[in-house]
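Please look over this structure and report on its ligand site, its helices and its unusual backbone geometry. Short notes will do.

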Amino acid sequence: MILIFFGAPGSGKGTQSKIIAKKLGIYHLSTGEILREAVKDKTQVGLEAKQYMDRGDLVPDEVIIRVIAEKVLKGDIKNGYILDGFPRTLAQAKSLDRMYQNASIEIDRVIYLEVQRDKLINRLSGRRVCALCGEEYHLDFKAPKEEGVCDIDQSELIQRSDDHVAEIRTRLENYKDQTEPLVKYYQDQELLVRVDAEGQIETVSKRIFEVI
Ligand code: AMP
């Protein structure tokens, strides 16, 4: 099964795709996570991507397409994964379609997580992430047991550099200009399924399950 989780920054793509991938026993491919790892490891891709990510801008299409092409066509994951955070531009979507056509792979569904804009800012600015394992928390909705400390490995919780207000605004503007047009693209292909992504994490997971 190949699913794309689509939505604005803060719509819960990462949280929900982790939960659903685990339940379905398929892989979770997050381009944001792949890029953050690359930045941490100072690889060529990481060095190219960092400046864009720090500002809240999208990484150039050719960089991210190269990254994703290596992953999605690999034998071991080819038949089951959730794409989280890709595609984010029309050029990326078209390039993914070409890759899939050449490999006779089909997208099953594009899950569109819908959240009102004012809620997105609150969700993103309250997010905290474990510096070691990457587990995500939220100051209001998913607070750690001890303030500033990861429940899993007791490491420090940090705020992502692109979760500060100025960068959040840039990300939301980029989403509107560059990513939102994909709603129509996937609607026209009859792949898009809208899910109300407001409310408790478990409630949203249930809604997603119902449409898969
Ligand atoms: P995310 O974790 O999905 O919020 O992604 C974090 C950042 O990684 C984004 O703000 C972009 O700078 C970059 N990024 C992730 N996925 C893509 C993509 N498909 N195209 C361009 N940039 C991306």
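Where is the place of Gln154? Gln154 sits in the loop between β6 (136–138) and β7. Keep in mind throughout that this is a predicted model.

**Backbone geometry**

Start with that loop residue. Gln154 has a phi near 60°, a positive value in a residue other than glycine. Gln154 counts as exposed because its relative accessibility is 55%.

Ser104 also has a positive phi, about 50°, although it is not a glycine. Ser104 belongs to the loop between α5 and β4 (109–114). Its relative accessibility is 68%, so Ser104 counts as exposed.

The peptide bond between Phe86 and Pro87 is cis, with omega about 0°. Pro87 lies in the loop between β3 and α5. As background, most residues other than glycine have a negative phi, and most peptide bonds are trans.

**The ligand site**

How many residues surround the ligand? The count is 16, and the closest are Thr31, Arg36, Asp57, Gly85 and Arg88. By type, the shell around the ligand divides into six nonpolar, four polar and six charged residues. Helix α2 (residues 31–40) gives the most to this shell, with four residues.

Polar atoms of the protein approach the ligand at several places. Arg36 places a polar side-chain atom 2.9 Å from an oxygen atom of the ligand. Val59 uses its backbone: a polar atom there is 3.0 Å from a nitrogen atom of the ligand. Arg88 has an N or O atom in its side chain 2.8 Å from a nitrogen atom of the ligand. On its own the ligand has 480 Å² of accessible area, and the protein covers 95% of it.

**Helix α5**

Helix α5 (residues 90–102) has 13 residues. From first C-alpha to last, α5 reaches 18 Å, close to the 18 Å expected at 1.5 Å a residue.

Which residues of α5 are buried? They are Gln92, Ala93, Ser95, Leu96, Asp97, Met99 and Tyr100. These buried residues pack against two strands, β1 (2–7) and β3 (81–84), and two helices, α4 (61–72) and α8 (182–188). After α5 comes Ser104, with its positive phi near 50°.

**Buried residues elsewhere**

The table lists some buried positions with their relative accessibility.

| Residue | Relative accessibility | Status |
|---|---|---|
| Ile20 | 0% | buried |
| Ser30 | 7% | buried |
| Ala49 | 0% | buried |
| Asp163 | 0% | buried |

Take Ile20, in helix α1 (residues 13–24). Why does Ile20 count as buried? Its relative accessibility is 0%, and the cut-off for buried is under 20%. Leaving out residues up to four places away in sequence, Ile20 touches Phe5, Ile82, Ser205, Ile208, Phe209 and Ile212. One of these contacts, Ser205, is 185 residues from Ile20 along the chain, yet their C-alpha atoms are separated by 7.2 Å.

Next is Ser30, in strand β2 (residues 27–30). The side chain of Ser30 reaches the backbone nitrogen of Glu33 at 2.9 Å.

Ala49 has its place in helix α3 (residues 44–55). Not counting residues up to four places away in sequence, Ala49 touches Leu35 and Val59. Val59 also meets the ligand, through the backbone contact at 3.0 Å. Ala49 and Val183 are 134 residues apart in sequence, and their C-alpha atoms are 25 Å apart in space.

Where is Asp163 found? Asp163 is in the loop between β7 (157–158) and α7 (165–179). Is this loop residue buried or exposed? Asp163 counts as buried, because its relative accessibility is 0%. Which residues does Asp163 touch, not counting those up to four places away in sequence? They are Leu124, Ser125, Arg127, Ile168 and Arg171.

**Points to check on the structure**

For the ligand site, look at the side chains of Arg36 and Arg88, and at the backbone of Val59. For the backbone, find the cis bond joining Phe86 and Pro87. Then find the positive phi at Ser104 and at Gln154.

Definitions and conventions. Residues are numbered from 1 along each chain as its sequence is written. This is a predicted model: local features need pLDDT of at least 70, side-chain atom pairs count only at pLDDT 80 or more; totals for chains, interfaces and linings use all residues. Side-chain values use heavy atoms; hydrogens and water are left out. A residue is near a molecule or strand if one of its heavy atoms lies within 4 Å of it. A polar contact is a pair of N or O atoms within 3.5 Å; within protein, one must be able to donate a hydrogen and the other to accept it, and residues adjacent in sequence count only if both atoms are side-chain atoms. Accessible areas come from the Shrake-Rupley method with a 1.4 Å probe; for residues, only the protein chains shown count as cover. Ala, Val, Leu, Ile, Met, Phe, Trp, Tyr, Cys and Pro count as nonpolar, Asp, Glu, Lys and Arg as charged, and the others, Gly among them, as polar. The expected span of a helix is 1.5 Å times one less than its number of residues. Buried means under 20% relative accessible area, exposed over 50%, partly exposed in between (1.4 Å probe, protein chains only). Contact means heavy atoms within 4.5 Å.
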